[in-house]
Amino acid sequence: MNNGVECVFVRCNFSNTIWDQADLWQSTFKDCNLTGVNFDNADFSEVNLYG
C-alpha cells in the first residue's frame, strides 16, 4: 500500500535480508550494501539506486 511517503536509505547494510513483497515505491538507496538481498515480488516503481 502506498501512503505517498518516499524512503531514503543512505549507507545502510541490508546484506542477506529478505524484502519479500516490499512496497519500495519512490525509495532511494544511496551507497547501500544490497549483496544477497531477496527482493521477490517487491514493487520497484520509481526506485533510485546510487553508489
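Begin the tour at serine 27, which counts as buried because its relative accessibility is 2%. The model on screen is predicted. Serine 27 lies in the loop that connects β1 and β2. Display its surroundings next: apart from neighbours within four places in sequence, serine 27 is in contact with Cys7, Phe9, Glu46, Val47 and Asn48. Several of these residues will return at later stops.

**Stop 1: the sheet**

Select the strands. Three of them form an open sheet, arranged in the order β1-β2-β3, and the pairing is parallel. The edges are occupied by β1 (8-10) and β3 (48-50), each of which pairs on one side only. On average, and with direction ignored, neighbouring strands of this sheet are turned by 5° against each other.

Now restrict the view to β1 and β2. Strand β2 comprises residues 28-30, and three bridges join β1 to this parallel strand. Select valine 10 and look across to β2, where lysine 30 stands opposite.

**Stop 2: the aromatic rings**

A pair of aromatic rings is described by the distance of the centres and the angle of the planes. The model contains eight aromatic pairs. How are the rings of phenylalanine 9 and phenylalanine 29 placed? Their centres are 4.9 Å apart and their planes stand at 20°, so this pair is stacked. The pair links distant parts of the chain, since phenylalanine 9 belongs to strand β1 and phenylalanine 29 to strand β2, 20 residues apart.

Keep phenylalanine 29 selected. Is phenylalanine 29 buried or exposed? Its relative accessible area is 2%, so phenylalanine 29 is buried. Setting aside neighbours within four places in sequence, its contacts are Phe9, Phe14, Trp19, Leu24, Leu34, Val47, Asn48, Leu49 and Tyr50.

Two of those contacts, Phe14 and Trp19, deserve a view of their own. The ring centres of phenylalanine 14 and tryptophan 19 are 4.9 Å apart, but the planes meet at 85°, so the pair is edge-to-face. Phenylalanine 14 and tryptophan 19 are both buried. To see the wider arrangement, select Phe9, Phe14, Trp19, Phe29, Phe39 and Phe44 together: ring pairs link these residues into a cluster.

**Stop 3: the nonpolar core**

Which residues make up the largest nonpolar core? It has ten residues in all: Phe9, Phe14, Trp19, Ala22, Leu24, Phe29, Cys32, Val37, Ala42 and Val47.

From this set, choose valine 37, which is found in the loop between β2 and β3. Valine 37 is buried, because its relative accessible area is 15%. Beyond its neighbours within four places in sequence, valine 37 is in contact with Phe14, Ser15, Asn16, Thr17 and Trp19. For a sense of scale, draw a line to valine 8: the C-alpha atoms of valine 37 and valine 8 are 17 Å apart, and the two residues are 29 apart in sequence.

**Stop 4: two positive phi angles**

Most residues other than glycine have a negative phi, and most peptide bonds are trans. Select aspartate 31, where phi is near 55°, a positive value in a residue other than glycine. Aspartate 31 sits in the loop between β2 and β3. Its relative accessible area is 42%, so aspartate 31 is partly exposed.

Move to glutamate 46, which was among the contacts of serine 27. Phi of glutamate 46 is near 60°, again positive in a residue other than glycine. Glutamate 46 has its place in the loop between β2 and β3. With a relative accessible area of 51%, glutamate 46 is exposed.

**Stop 5: the cysteines**

A disulfide is a covalent bond between the sulfur atoms of two cysteines. How many disulfides does the model contain? The count comes to zero.

Select cysteine 32 and cysteine 12 to see why. The closest cysteine sulfur to that of cysteine 32 is in cysteine 12, at 4.4 Å, which is too far for a bond, because a disulfide requires the sulfur atoms to be within 2.5 Å. Cysteine 32 is buried, with a relative accessible area of 17%, and belongs to the largest nonpolar core.

End at cysteine 7, another contact of serine 27. Its sulfur is 10 Å from the closest cysteine sulfur, which is again in cysteine 12, so the two are too far apart for a bond. Cysteine 7 counts as partly exposed, at 36% relative accessibility.

Terms used: Residues numbered from 1 in each chain as written. Predicted model: local features only at pLDDT ≥ 70, side-chain atom pairs only at ≥ 80, totals over all residues. Heavy atoms only, no water. Pairing = 2+ DSSP bridges. Helix = DSSP H or I, 4+ residues; strand = E, 2+ residues; numbered from the N terminus. Axes fitted to C-alpha atoms, helices over the stretch in contact; angles between N-to-C directions. Phe/Tyr/Trp six-rings, centres within 6.5 Å; stacked < 30°, edge-to-face > 60°. Buried < 20%, exposed > 50% of the residue type's maximum accessible area, 1.4 Å probe, protein only. Contact = heavy atoms within 4.5 Å. Core = buried A, V, L, I, M, F, W, Y, C linked by side-chain atoms within 4.5 Å.
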